[in-house]
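Dear colleague,

Please find the structure we discussed handed over below. I would be grateful if you could read my notes alongside it.

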Amino acid sequence: MKRIIYIILCVCGGTPLFAQTTKELQVDGIKVIFKKTEKSVATVNLCIRGGAANITEAQQGLEPLALRTALNGGTASVNKDALSAELEKLGTEFSAGAKNDFTFMTMTCLRDNWDRSWALFSDAVLHPVMDEGEFKLERDRMVSGAKQLEADPDQFLRILAAQQLFAGTDYAKRVNGVPETLEKLTLADAKDFYKKLLGKQRIYLVVVGNLDEKDIAAKVKNTLAALPSGEAPRKPTAAAIKPGVNISDRQLATNYIIGFGNAPKYYSPDGPLFQFAMSILYDRYFVELRTKRSLSYAPAAGYNNAFIETPAAQLYITTVDPKQSLEVMTAIINDVKENGFKPKEIENKKKSYLTNYYMTNQSSGAQANVMSTCEASGNWRIFDEINTRIGQVKTEDVNRVFGNYLNEVQWTYLGNKDKVAESDFKQPAPAKLPASNVKKPKD
(Lines give C-alpha, C1' and ligand atoms only; values in the text may rest on other atoms or scores of the structure.)
Protein backbone atom coordinates (compact mmCIF):
# COMPACT_ATOMS: atom_id res chain seq x y z
CA MET A 1 0.00 0.00 0.00
CA LYS A 2 2.80 2.44 0.84
CA ARG A 3 4.40 1.81 -2.56
CA ILE A 4 1.12 2.51 -4.37
CA ILE A 5 0.56 5.73 -2.43
CA TYR A 6 4.12 6.83 -3.18
CA ILE A 7 3.66 6.30 -6.91
CA ILE A 8 0.41 8.24 -6.86
CA LEU A 9 2.14 11.14 -5.08
CA CYS A 10 4.79 11.16 -7.78
CA VAL A 11 2.27 11.19 -10.60
CA CYS A 12 0.14 13.87 -9.03
CA GLY A 13 2.99 16.27 -8.46
CA GLY A 14 4.58 15.06 -5.24
CA THR A 15 8.28 14.36 -4.81
CA PRO A 16 9.51 12.66 -8.00
CA LEU A 17 10.38 9.01 -7.49
CA PHE A 18 13.80 9.33 -9.14
CA ALA A 19 14.69 12.93 -8.27
CA GLN A 20 17.94 13.97 -6.58
CA THR A 21 19.22 10.40 -6.18
CA THR A 22 21.62 10.26 -9.12
CA LYS A 23 25.14 11.63 -9.29
CA GLU A 24 27.78 11.91 -11.96
CA LEU A 25 31.31 11.06 -10.85
CA GLN A 26 34.59 11.40 -12.70
CA VAL A 27 37.08 8.70 -11.71
CA ASP A 28 40.45 8.99 -13.46
CA GLY A 29 38.83 10.01 -16.74
CA ILE A 30 35.89 7.58 -16.55
CA LYS A 31 32.34 8.93 -16.28
CA VAL A 32 30.37 7.08 -13.61
CA ILE A 33 26.61 7.64 -13.26
CA PHE A 34 25.50 6.39 -9.85
CA LYS A 35 21.92 6.08 -8.69
CA LYS A 36 21.51 5.08 -5.06
CA THR A 37 18.41 3.04 -4.29
CA GLU A 38 17.14 0.90 -1.45
CA LYS A 39 17.13 -2.21 -3.63
CA SER A 40 18.91 -5.33 -2.47
CA VAL A 41 19.97 -5.99 -6.06
CA ALA A 42 22.66 -3.90 -7.73
CA THR A 43 23.23 -3.51 -11.47
CA VAL A 44 26.30 -2.25 -13.33
CA ASN A 45 26.32 -1.36 -17.03
CA LEU A 46 29.71 -0.78 -18.60
CA CYS A 47 28.72 1.01 -21.81
CA ILE A 48 30.87 1.51 -24.91
CA ARG A 49 29.90 4.33 -27.26
CA GLY A 50 29.84 3.92 -31.01
CA GLY A 51 27.61 0.96 -31.83
CA ALA A 52 27.25 0.67 -35.59
CA ALA A 53 30.04 3.22 -36.08
CA ASN A 54 32.56 0.84 -34.48
CA ILE A 55 32.23 -1.91 -37.11
CA THR A 56 32.53 -2.54 -40.83
CA GLU A 57 29.91 -4.43 -42.81
CA ALA A 58 32.05 -7.56 -42.55
CA GLN A 59 32.14 -7.16 -38.75
CA GLN A 60 28.39 -7.10 -38.17
CA GLY A 61 27.79 -8.89 -34.87
CA LEU A 62 31.45 -8.90 -33.85
CA GLU A 63 31.21 -6.45 -30.95
CA PRO A 64 28.54 -8.23 -28.86
CA LEU A 65 30.15 -11.56 -29.75
CA ALA A 66 33.50 -10.34 -28.42
CA LEU A 67 31.93 -8.91 -25.25
CA ARG A 68 30.02 -12.10 -24.44
CA THR A 69 33.08 -14.26 -25.07
CA ALA A 70 35.15 -12.03 -22.79
CA LEU A 71 32.65 -12.08 -19.92
CA ASN A 72 31.88 -15.78 -19.96
CA GLY A 73 35.12 -17.38 -21.12
CA GLY A 74 37.10 -17.16 -17.88
CA THR A 75 40.04 -14.98 -16.88
CA ALA A 76 43.76 -15.33 -16.30
CA SER A 77 43.06 -16.14 -12.63
CA VAL A 78 39.67 -17.95 -12.79
CA ASN A 79 38.96 -20.48 -15.54
CA LYS A 80 35.64 -20.67 -17.34
CA ASP A 81 34.13 -23.49 -15.29
CA ALA A 82 35.25 -22.06 -11.96
CA LEU A 83 33.88 -18.63 -12.91
CA SER A 84 30.52 -20.08 -13.89
CA ALA A 85 30.29 -22.08 -10.66
CA GLU A 86 31.16 -19.11 -8.44
CA LEU A 87 28.74 -16.79 -10.19
CA GLU A 88 25.95 -19.30 -9.69
CA LYS A 89 26.82 -19.63 -6.00
CA LEU A 90 26.81 -15.84 -5.56
CA GLY A 91 23.59 -15.36 -7.52
CA THR A 92 25.49 -13.00 -9.84
CA GLU A 93 24.85 -12.72 -13.57
CA PHE A 94 27.02 -11.41 -16.41
CA SER A 95 25.56 -10.48 -19.79
CA ALA A 96 26.37 -8.33 -22.79
CA GLY A 97 24.42 -6.82 -25.66
CA ALA A 98 24.46 -4.33 -28.48
CA LYS A 99 22.33 -1.40 -29.55
CA ASN A 100 22.77 0.77 -32.61
CA ASP A 101 24.62 3.53 -30.73
CA PHE A 102 26.36 1.67 -27.88
CA THR A 103 27.14 -1.76 -26.51
CA PHE A 104 27.17 -2.84 -22.87
CA MET A 105 28.57 -5.38 -20.44
CA THR A 106 26.26 -5.93 -17.47
CA MET A 107 26.72 -7.34 -13.99
CA THR A 108 23.75 -7.94 -11.67
CA CYS A 109 24.32 -9.09 -8.11
CA LEU A 110 22.96 -9.09 -4.57
CA ARG A 111 24.10 -6.17 -2.43
CA ASP A 112 25.66 -8.57 0.07
CA ASN A 113 27.85 -10.07 -2.67
CA TRP A 114 28.88 -6.77 -4.24
CA ASP A 115 32.58 -6.89 -3.38
CA ARG A 116 33.29 -10.33 -4.83
CA SER A 117 30.96 -9.82 -7.78
CA TRP A 118 32.72 -6.60 -8.77
CA ALA A 119 36.10 -8.31 -8.46
CA LEU A 120 35.00 -11.06 -10.84
CA PHE A 121 33.34 -8.63 -13.26
CA SER A 122 36.29 -6.24 -13.49
CA ASP A 123 38.66 -9.18 -13.86
CA ALA A 124 36.59 -10.53 -16.76
CA VAL A 125 36.55 -7.09 -18.41
CA LEU A 126 40.27 -6.44 -18.00
CA HIS A 127 41.81 -9.92 -18.24
CA PRO A 128 39.60 -12.17 -20.37
CA VAL A 129 40.96 -15.46 -21.67
CA MET A 130 38.53 -15.46 -24.65
CA ASP A 131 37.99 -19.22 -24.62
CA GLU A 132 37.60 -20.97 -28.01
CA GLY A 133 34.71 -23.11 -26.81
CA GLU A 134 32.84 -20.14 -25.39
CA PHE A 135 33.39 -18.19 -28.60
CA LYS A 136 31.89 -20.94 -30.77
CA LEU A 137 28.96 -21.36 -28.38
CA GLU A 138 28.16 -17.64 -28.41
CA ARG A 139 28.60 -17.42 -32.18
CA ASP A 140 26.21 -20.34 -32.77
CA ARG A 141 23.62 -18.69 -30.53
CA MET A 142 23.88 -15.42 -32.42
CA VAL A 143 23.65 -17.12 -35.82
CA SER A 144 20.52 -18.94 -34.68
CA GLY A 145 19.03 -15.71 -33.35
CA ALA A 146 19.76 -13.83 -36.58
CA LYS A 147 18.09 -16.55 -38.65
CA GLN A 148 15.02 -16.49 -36.42
CA LEU A 149 14.72 -12.72 -36.87
CA GLU A 150 14.67 -13.05 -40.64
CA ALA A 151 12.07 -15.83 -40.46
CA ASP A 152 9.73 -13.78 -38.25
CA PRO A 153 7.61 -11.46 -40.47
CA ASP A 154 7.22 -8.85 -37.73
CA GLN A 155 10.98 -8.64 -37.14
CA PHE A 156 11.82 -8.90 -40.84
CA LEU A 157 9.52 -5.92 -41.50
CA ARG A 158 11.68 -3.80 -39.20
CA ILE A 159 14.85 -5.03 -40.92
CA LEU A 160 13.42 -4.02 -44.30
CA ALA A 161 12.38 -0.61 -42.95
CA ALA A 162 15.84 0.06 -41.52
CA GLN A 163 17.50 -0.99 -44.77
CA GLN A 164 15.26 1.40 -46.69
CA LEU A 165 15.74 4.35 -44.37
CA PHE A 166 19.44 3.97 -43.57
CA ALA A 167 20.87 2.72 -46.87
CA GLY A 168 24.45 3.92 -47.19
CA THR A 169 24.81 4.94 -43.54
CA ASP A 170 26.22 3.28 -40.40
CA TYR A 171 22.72 2.40 -39.23
CA ALA A 172 22.29 0.09 -42.23
CA LYS A 173 24.66 -2.28 -40.44
CA ARG A 174 23.06 -4.75 -38.05
CA VAL A 175 25.02 -4.58 -34.81
CA ASN A 176 23.86 -8.03 -33.69
CA GLY A 177 24.94 -9.52 -36.98
CA VAL A 178 23.57 -11.37 -39.97
CA PRO A 179 24.12 -15.09 -40.49
CA GLU A 180 26.56 -14.54 -43.37
CA THR A 181 28.93 -12.30 -41.40
CA LEU A 182 28.63 -14.12 -38.07
CA GLU A 183 29.54 -17.49 -39.58
CA LYS A 184 32.81 -16.05 -40.94
CA LEU A 185 33.98 -14.45 -37.68
CA THR A 186 36.89 -16.11 -35.85
CA LEU A 187 38.21 -16.05 -32.31
CA ALA A 188 41.23 -14.12 -33.58
CA ASP A 189 38.83 -11.47 -34.95
CA ALA A 190 37.13 -11.20 -31.54
CA LYS A 191 40.39 -10.97 -29.60
CA ASP A 192 41.85 -8.30 -31.87
CA PHE A 193 38.64 -6.26 -31.86
CA TYR A 194 38.23 -6.44 -28.07
CA LYS A 195 41.84 -5.39 -27.47
CA LYS A 196 41.26 -2.14 -29.38
CA LEU A 197 37.70 -1.47 -28.20
CA LEU A 198 37.87 -0.49 -24.53
CA GLY A 199 39.23 2.96 -23.70
CA LYS A 200 38.32 5.76 -21.32
CA GLN A 201 37.18 8.03 -24.13
CA ARG A 202 34.59 5.49 -25.25
CA ILE A 203 33.21 4.05 -22.03
CA TYR A 204 30.90 5.18 -19.25
CA LEU A 205 29.63 3.29 -16.23
CA VAL A 206 26.06 3.22 -14.90
CA VAL A 207 25.64 1.83 -11.37
CA VAL A 208 22.27 1.38 -9.62
CA GLY A 209 21.83 -0.06 -6.15
CA ASN A 210 22.14 0.35 -2.40
CA LEU A 211 25.86 1.01 -2.59
CA ASP A 212 28.37 3.48 -1.25
CA GLU A 213 29.58 6.25 -3.56
CA LYS A 214 33.12 6.28 -2.19
CA ASP A 215 33.37 2.50 -2.47
CA ILE A 216 32.30 2.61 -6.13
CA ALA A 217 34.86 5.31 -6.89
CA ALA A 218 37.61 3.32 -5.16
CA LYS A 219 36.72 0.13 -7.02
CA VAL A 220 36.75 1.89 -10.40
CA LYS A 221 40.04 3.60 -9.55
CA ASN A 222 41.66 0.28 -8.64
CA THR A 223 40.41 -1.59 -11.74
CA LEU A 224 38.94 0.10 -14.81
CA ALA A 225 41.13 3.17 -14.37
CA ALA A 226 43.97 1.02 -15.72
CA LEU A 227 42.36 1.14 -19.18
CA PRO A 228 44.12 3.28 -21.79
CA SER A 229 42.61 6.50 -23.07
CA GLY A 230 41.83 4.83 -26.37
CA GLU A 231 40.20 6.35 -29.43
CA ALA A 232 37.41 8.92 -29.23
CA PRO A 233 34.02 7.48 -30.16
CA ARG A 234 32.40 8.27 -33.48
CA LYS A 235 28.66 8.75 -33.73
CA PRO A 236 26.86 6.68 -36.35
CA THR A 237 26.01 8.60 -39.49
CA ALA A 238 22.41 9.79 -39.51
CA ALA A 239 19.80 9.69 -42.28
CA ALA A 240 17.09 12.09 -43.37
CA ILE A 241 13.57 10.70 -43.26
CA LYS A 242 11.99 11.34 -46.65
CA PRO A 243 8.67 10.24 -48.16
CA GLY A 244 8.91 6.76 -49.61
CA VAL A 245 7.24 3.37 -50.00
CA ASN A 246 8.83 -0.08 -50.05
CA ILE A 247 6.44 -2.93 -50.88
CA SER A 248 7.74 -6.47 -50.36
CA ASP A 249 5.53 -9.30 -51.54
CA ARG A 250 5.04 -12.27 -49.23
CA GLN A 251 2.01 -14.50 -48.90
CA LEU A 252 1.06 -14.16 -45.24
CA ALA A 253 -2.12 -14.59 -43.20
CA THR A 254 -1.94 -10.89 -42.35
CA ASN A 255 -0.12 -7.91 -43.82
CA TYR A 256 2.52 -5.92 -41.92
CA ILE A 257 3.01 -2.15 -42.23
CA ILE A 258 5.46 0.17 -40.51
CA GLY A 259 6.13 3.86 -41.09
CA PHE A 260 9.02 6.00 -39.86
CA GLY A 261 8.31 9.74 -39.57
CA ASN A 262 10.21 12.84 -38.51
CA ALA A 263 10.93 13.25 -34.79
CA PRO A 264 13.10 15.44 -32.53
CA LYS A 265 16.26 14.24 -30.80
CA TYR A 266 15.46 12.76 -27.41
CA TYR A 267 17.78 15.05 -25.43
CA SER A 268 16.25 18.17 -27.03
CA PRO A 269 13.47 20.05 -25.18
CA ASP A 270 10.95 18.63 -27.68
CA GLY A 271 12.06 14.99 -27.34
CA PRO A 272 10.09 13.88 -24.25
CA LEU A 273 7.15 16.03 -25.37
CA PHE A 274 7.00 14.29 -28.71
CA GLN A 275 7.27 10.87 -27.06
CA PHE A 276 4.34 11.88 -24.85
CA ALA A 277 2.33 13.01 -27.91
CA MET A 278 2.98 9.72 -29.68
CA SER A 279 1.68 7.82 -26.66
CA ILE A 280 -1.65 9.65 -27.05
CA LEU A 281 -1.66 8.84 -30.77
CA TYR A 282 -1.17 5.19 -29.74
CA ASP A 283 -4.38 5.40 -27.68
CA ARG A 284 -6.29 6.89 -30.60
CA TYR A 285 -5.04 4.17 -32.94
CA PHE A 286 -6.11 1.49 -30.49
CA VAL A 287 -9.64 2.89 -30.19
CA GLU A 288 -10.23 3.56 -33.89
CA LEU A 289 -8.37 0.69 -35.53
CA ARG A 290 -8.97 -2.10 -33.05
CA THR A 291 -11.97 -1.30 -30.86
CA LYS A 292 -14.24 0.51 -33.32
CA ARG A 293 -13.26 -0.95 -36.70
CA SER A 294 -11.64 -4.32 -35.86
CA LEU A 295 -8.97 -3.69 -38.49
CA SER A 296 -6.13 -4.99 -36.32
CA TYR A 297 -5.42 -6.66 -33.02
CA ALA A 298 -2.15 -4.72 -32.63
CA PRO A 299 -2.10 -1.17 -34.04
CA ALA A 300 0.59 1.01 -32.52
CA ALA A 301 2.26 4.40 -32.58
CA GLY A 302 5.31 5.48 -30.65
CA TYR A 303 8.63 7.28 -30.46
CA ASN A 304 11.49 5.11 -31.73
CA ASN A 305 14.82 6.03 -30.13
CA ALA A 306 16.59 2.87 -31.24
CA PHE A 307 18.58 4.98 -33.73
CA ILE A 308 19.63 7.91 -31.59
CA GLU A 309 20.96 10.12 -34.39
CA THR A 310 17.78 9.56 -36.42
CA PRO A 311 14.91 9.19 -33.94
CA ALA A 312 11.55 8.53 -35.52
CA ALA A 313 7.84 8.58 -35.04
CA GLN A 314 6.83 4.97 -35.59
CA LEU A 315 3.46 3.90 -37.01
CA TYR A 316 2.61 0.21 -37.09
CA ILE A 317 -0.20 -2.16 -37.91
CA THR A 318 -0.77 -5.76 -38.92
CA THR A 319 -4.05 -6.17 -40.79
CA VAL A 320 -6.02 -8.08 -43.43
CA ASP A 321 -7.31 -4.77 -44.85
CA PRO A 322 -4.24 -2.60 -45.46
CA LYS A 323 -5.99 -0.02 -47.68
CA GLN A 324 -8.60 0.95 -45.10
CA SER A 325 -6.07 0.74 -42.26
CA LEU A 326 -3.68 3.17 -43.98
CA GLU A 327 -6.52 5.56 -44.69
CA VAL A 328 -7.62 5.59 -41.05
CA MET A 329 -4.07 5.87 -39.68
CA THR A 330 -3.34 8.94 -41.82
CA ALA A 331 -6.75 10.48 -41.12
CA ILE A 332 -6.15 10.28 -37.35
CA ILE A 333 -2.81 12.08 -37.72
CA ASN A 334 -4.38 14.78 -39.90
CA ASP A 335 -7.22 15.28 -37.43
CA VAL A 336 -4.71 15.95 -34.66
CA LYS A 337 -2.80 18.37 -36.89
CA GLU A 338 -5.99 20.26 -37.64
CA ASN A 339 -7.78 20.15 -34.30
CA GLY A 340 -5.11 19.30 -31.76
CA PHE A 341 -5.24 16.90 -28.85
CA LYS A 342 -7.97 17.51 -26.29
CA PRO A 343 -6.93 19.12 -22.99
CA LYS A 344 -8.72 16.39 -21.10
CA GLU A 345 -6.94 13.52 -22.85
CA ILE A 346 -3.59 15.21 -22.19
CA GLU A 347 -4.33 15.61 -18.47
CA ASN A 348 -5.51 12.02 -18.21
CA LYS A 349 -2.49 10.78 -20.14
CA LYS A 350 -0.06 12.48 -17.77
CA LYS A 351 -1.17 10.23 -14.94
CA SER A 352 -1.10 6.94 -16.82
CA TYR A 353 2.12 7.86 -18.66
CA LEU A 354 4.08 8.59 -15.49
CA THR A 355 2.60 5.67 -13.58
CA ASN A 356 3.66 3.32 -16.35
CA TYR A 357 7.11 4.95 -16.48
CA TYR A 358 7.71 4.43 -12.77
CA MET A 359 6.27 0.93 -12.61
CA THR A 360 8.32 -0.33 -15.58
CA ASN A 361 11.48 1.19 -14.10
CA GLN A 362 11.29 -0.15 -10.55
CA SER A 363 14.09 -2.72 -10.82
CA SER A 364 17.74 -1.74 -10.68
CA GLY A 365 18.31 -3.36 -14.07
CA ALA A 366 15.51 -1.41 -15.76
CA GLN A 367 16.76 1.88 -14.30
CA ALA A 368 20.35 1.16 -15.37
CA ASN A 369 19.21 0.35 -18.90
CA VAL A 370 17.14 3.51 -19.29
CA MET A 371 19.90 5.72 -17.90
CA SER A 372 22.41 4.05 -20.20
CA THR A 373 20.23 4.94 -23.18
CA CYS A 374 19.61 8.48 -21.91
CA GLU A 375 23.36 9.06 -21.61
CA ALA A 376 23.95 7.67 -25.09
CA SER A 377 21.18 9.98 -26.29
CA GLY A 378 23.01 13.01 -24.92
CA ASN A 379 21.90 13.52 -21.32
CA TRP A 380 21.41 10.94 -18.55
CA ARG A 381 19.55 13.57 -16.51
CA ILE A 382 16.47 13.09 -18.68
CA PHE A 383 15.80 10.00 -16.57
CA ASP A 384 15.45 12.05 -13.38
CA GLU A 385 13.72 15.01 -15.05
CA ILE A 386 10.88 13.13 -16.72
CA ASN A 387 8.45 13.74 -13.84
CA THR A 388 8.92 17.51 -14.06
CA ARG A 389 8.93 17.64 -17.86
CA ILE A 390 5.71 15.67 -18.27
CA GLY A 391 4.05 17.12 -15.17
CA GLN A 392 4.37 20.62 -16.63
CA VAL A 393 3.16 19.70 -20.12
CA LYS A 394 0.54 22.01 -21.57
CA THR A 395 -1.89 21.29 -24.37
CA GLU A 396 -0.36 23.92 -26.65
CA ASP A 397 3.11 22.42 -26.12
CA VAL A 398 2.02 18.96 -27.23
CA ASN A 399 0.11 20.30 -30.23
CA ARG A 400 3.04 22.47 -31.30
CA VAL A 401 5.51 19.60 -31.17
CA PHE A 402 3.18 17.18 -32.95
CA GLY A 403 2.45 19.77 -35.65
CA ASN A 404 6.14 20.53 -36.21
CA TYR A 405 7.15 16.89 -36.75
CA LEU A 406 5.66 13.81 -38.38
CA ASN A 407 5.41 15.63 -41.70
CA GLU A 408 7.03 12.96 -43.87
CA VAL A 409 6.85 9.18 -43.55
CA GLN A 410 8.78 6.31 -45.11
CA TRP A 411 6.42 3.36 -45.34
CA THR A 412 7.42 -0.31 -45.49
CA TYR A 413 4.94 -3.05 -46.36
CA LEU A 414 5.36 -6.82 -46.07
CA GLY A 415 2.46 -8.91 -47.35
CA ASN A 416 0.23 -9.54 -50.33
CA LYS A 417 1.23 -6.85 -52.85
CA ASP A 418 -2.12 -7.19 -54.67
CA LYS A 419 -3.91 -5.68 -51.67
CA VAL A 420 -2.17 -2.28 -51.86
CA ALA A 421 -0.91 0.33 -54.29
CA GLU A 422 1.75 2.96 -53.68
CA SER A 423 -0.99 5.61 -53.71
CA ASP A 424 -2.47 4.05 -50.55
CA PHE A 425 0.58 5.12 -48.56
CA LYS A 426 -0.31 8.76 -48.05
CA GLN A 427 1.75 11.45 -46.36
CA PRO A 428 0.47 13.44 -43.35
CA ALA A 429 -0.98 16.84 -44.10
CA PRO A 430 0.83 19.94 -42.79
CA ALA A 431 -0.50 21.52 -39.59
CA LYS A 432 -3.33 23.83 -40.64
CA LEU A 433 -3.30 26.13 -37.63
CA PRO A 434 -0.56 27.58 -35.42
CA ALA A 435 -0.34 25.80 -32.09
CA SER A 436 -1.64 28.80 -30.17
CA ASN A 437 -4.86 28.77 -32.23
CA VAL A 438 -5.49 25.04 -32.40
CA LYS A 439 -9.17 24.32 -31.95
CA LYS A 440 -10.05 22.53 -28.76
CA PRO A 441 -12.97 20.18 -29.44
CA LYS A 442 -15.53 19.67 -26.74
CA ASP A 443 -14.82 16.65 -24.59
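The notes below concern one sheet and the helices that pack around it. Please bear in mind that this is a predicted model.

The sheet

The sheet is open and consists of 5 strands in the order 7-11-8-10-9, with mixed pairing. Strand 7 and strand 9 (300–304) form its edges; each has a single partner strand, so one side of each is left without a neighbour in the sheet. On average, and with direction ignored, neighbouring strands are turned by 15° against each other.

Strand 11 and its partners

Strand 11 covers residues 409–415, and 7 of its 7 residues are buried. The cover extends to both faces: V409, W411, Y413 and G415 are buried on one side, as are Q410, T412 and L414 on the other.

Two strands pair with strand 11 in opposite senses. Strand 7 (residues 244–249) runs parallel to strand 11, with 6 bridges between them; in this pairing, S248 stands opposite L414. Strand 8 (residues 255–261) runs antiparallel to strand 11 and is likewise joined to it by 6 bridges. Here I258 has T412 as its bridge partner, while G259 is partnered by W411.

Helices on the sheet

Helix 6 (residues 153–166) packs on the sheet and touches strand 7, strand 8, strand 10 (312–319) and strand 11. The direction of helix 6 makes about 140° with that of strand 11. Helix 10, in turn, lies across strand 9 and strand 10, and runs at about 165° to strand 9.

The contact of helix 10 with helix 11

Helix 10 (residues 270–292) also packs against helix 11 (residues 322–339), at an angle of about 135° and with the axes 11 Å apart. That angle makes helix 10 oblique to helix 11. The crossing of the two helices is right-handed.

Which residues form this contact between helix 10 and helix 11? From helix 10 come L281, R284, Y285, E288 and L289; from helix 11 come S325, V328, M329, I332, I333, D335 and V336. By class, the residues of this contact divide into 8 nonpolar, 1 polar and 3 charged.

In short, strand 11 pairs with strand 7 in the parallel sense and with strand 8 in the antiparallel sense, and helix 10 contributes both to the packing on strand 9 and strand 10 and to the contact with helix 11.

With kind regards

Definitions and conventions: Residues numbered from 1 in each chain as written. Predicted model: local features only at pLDDT ≥ 70, side-chain atom pairs only at ≥ 80, totals over all residues. Heavy atoms only, no water. Axes fitted to C-alpha atoms, helices over the stretch in contact; angles between N-to-C directions. Helix = DSSP H or I, 4+ residues; strand = E, 2+ residues; numbered from the N terminus. Parallel < 35°, antiparallel > 145°, perpendicular 65-115°, else oblique. Left-handed = near helix turned anticlockwise from the far one by under 90°. Contact = heavy atoms within 4.5 Å. Nonpolar A, V, L, I, M, F, W, Y, C, P; charged D, E, K, R; others polar. Buried < 20%, exposed > 50% of the residue type's maximum accessible area, 1.4 Å probe, protein only. Pairing = 2+ DSSP bridges.
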